[in-house]
Amino acid sequence: MLAPGLLADGAELEKVADGAIWAEGPLWLPDEQVVIWSDVVGDRILQFDPATGTRSVRRSGVEHTNGRCFDAGGLIVQCCHGRRALERVLADGTIETLADHWNGVRLNSPNDVALAPDGALWFTDPRYGITQPGEGHPGVVEYGDHFVFRVDPDGTLTPVATDVVMPNGICFSPDGSLVYIADSSSAEDGAGGGTRTIRVYDVDGGRRAKSGRVFAAVSRGIPDGIRADAEGRLWASSAAGVEVFAPDGTALGILEVPETTANLVFGGPDGHDLYIAATTGLYRVRTTTRAASSS
Ligand code: MG
């Protein structure tokens, strides 16, 4: 149960679309009034039109895309496991590579991305797309770690957080002074190690993540995609569903989802609908809040 006041009166979770193998990376497109999301393993991008209630395939053979956001110019930026890249989708559908190498070697498999207030794109680079069957292509970790990177508008690529074991979801606080990064390292650790925590950092001059500390831990499974709302709360995906935390990290309850949740996004005509990518399905619930402008 979520704390009172987070969901609209009478709101109920509904499954609005299905058919994915592993749903990730939802994004509401205001210009088209649709939600798109990744079927990472199915290697396609799906689309749901709430006006007609129909699901369609937006694009297939996409090299296993994952998380996405808008850039400062309003174009879609997406993480791509198969190409081990962060890429931009131009207006005509052409894919432009924003980053795929660092220090002369390939990135691992960019997982999720967020737009910083200064127009830079921050993305996480765990190894799932080169180690998990079906999520990309087998490969090795060429730079020997799993970093969070910043790509400046001029293309410069810089590590901004290097102390997250397995960085996954990422978002900024409403004023951009904080960045939240989910650590999903317990996912691969059969011995019960790793963490299921969400870390928070000060954004130092817009350039680096500093003074990292644990913000919260999810109750079950791992934290994957995360989003801040306009009031500075954090909405986090987990095996339980969607777990919400106050700005000080206090748990505000769980919206239980029937399937393991990987990511989420606020959207809909007025921004109050929460769309949830959870394994096979896309779910929706009506909230009383909306996205933080910079999340
Ligand atoms: Mg993810």
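These legends accompany several close-up views of a predicted model.

**View 1. The magnesium ion and its protein donors.** Four residues reach the magnesium ion: Glu 24 through OE, Asn 111 through OD1, Asn 168 through OD1 and Asp 224 through OD, at 2.1 to 2.5 Å from the ion. Written along the sequence, the spacing of these donor residues reads E-x86-N-x56-N-x55-D. Asn 111 comes from the loop between β11 (105–106) and β12 (113–115), while Asp 224 comes from the loop between β19 and β20 (226–228), so this pair ties together parts that are 113 residues apart in sequence. Both of these loop residues are worth a look for their burial: Asn 111 counts as buried at 3% relative accessibility, and Asp 224 counts as buried at 6%.

**View 2. Strand β3 between its two antiparallel partners.** Follow residues 34–39 here: six of the six residues in strand β3 are buried, and the strand is mostly covered. In a regular strand, side chains alternate between the two faces of the sheet. In β3, Val 34, Ile 36 and Ser 38 are buried on one side, and Val 35, Trp 37 and Asp 39 are buried on the other, so that both faces are covered. On one flank, β2 and β3 run antiparallel and are joined by five bridges, with Leu 27 standing opposite Ile 36 of β3. On the other flank, five bridges join β3 to strand β4 (residues 44–49), again in an antiparallel arrangement, and Asp 39 stands opposite Arg 44 in β4.

**View 3. The hairpin turns at either end of β3.** The hairpin of β2 and β3 has four residues between its strands, and Gln 33 takes a positive phi near 55° there. The hairpin of β3 and β4 also has four residues between the strands, and in that hairpin Asp 43 takes a positive phi near 55°.

**View 4. A stacked aromatic pair, Trp 28 with Tyr 275.** The model holds 13 aromatic pairs. In the one shown here, the ring centres of Trp 28 and Tyr 275 lie 6.1 Å apart and the planes meet at 10°; planes under 30 degrees apart count as stacked, so this pair is stacked. Trp 28 belongs to strand β2 (residues 23–29) and Tyr 275 to strand β25 (residues 273–278), and the pair links these distant parts of the chain across 247 residues. Are these two residues buried or exposed? Trp 28 has 7% relative accessibility and counts as buried, and Tyr 275 is buried with a relative accessible area of 0%.

**View 5. An edge-to-face pair within an aromatic cluster.** Trp 102 and Tyr 143 form an edge-to-face aromatic pair, 5.6 Å from centre to centre and with 80° between the planes. The pair links distant parts of the chain, 41 residues apart: Trp 102 is in strand β10 (residues 101–102), and Tyr 143 is in the loop between α1 (128–131) and β14 (148–151). Tyr 143 is buried, at a relative accessible area of 14%. Step back a little and the pair takes its place in one aromatic cluster made up of Trp 102, Phe 123, Tyr 143, Phe 147 and Phe 149.

**View 6. Salt bridges of strand β26.** The count for the model comes to 16 salt bridges. One of them joins the side chains of Arg 284 and Glu 14, with 2.8 Å from N to O. Arg 284 lies in strand β26 (residues 281–286) and Glu 14 in strand β1 (residues 14–17), so the bridge ties together parts that are 270 residues apart in sequence. Arg 284 is buried at 18% relative accessible area, whereas Glu 14 counts as partly exposed at 37%. Also in this view, Asp 273 and Arg 286 meet in a salt bridge of 2.8 Å, N to O. This pair links strand β25, home of Asp 273, with strand β26, home of Arg 286, over 13 residues. Asp 273 counts as buried at 10% relative accessibility, and Arg 286 is partly exposed at 32%.

**View 7. A salt bridge between β18 and β19, and a network elsewhere.** The side chains of Arg 213 and Asp 202 form a salt bridge of 3.2 Å, N to O. Arg 213 sits in strand β19 (residues 208–217) and Asp 202 in strand β18 (residues 197–204), 11 residues apart. Arg 213 is partly exposed at 33%, and Asp 202 counts as partly exposed at 30%. In the accompanying panel, Asp 71, Arg 88 and Glu 96 are linked in a network of salt bridges.

Terms used:
Residues are numbered from 1 along each chain as its sequence is written. This is a predicted model: local features need pLDDT of at least 70, side-chain atom pairs count only at pLDDT 80 or more; totals for chains, interfaces and linings use all residues. Side-chain values use heavy atoms; hydrogens and water are left out. Rings of Phe, Tyr and Trp (its six-membered ring) pair if their centres lie within 6.5 Å; planes under 30 degrees apart count as stacked, over 60 as edge-to-face and the rest as tilted. Buried means under 20% relative accessible area, exposed over 50%, partly exposed in between (1.4 Å probe, protein chains only). A salt bridge is a side-chain nitrogen of Lys or Arg within 4 Å of a carboxyl oxygen of Asp or Glu. Donors are N, O and S atoms within 2.8 Å of the metal (3.2 Å for Na, K and Ca); water is not among the atoms, so sites may look incomplete. Two strands pair if DSSP finds at least two bridges between them.
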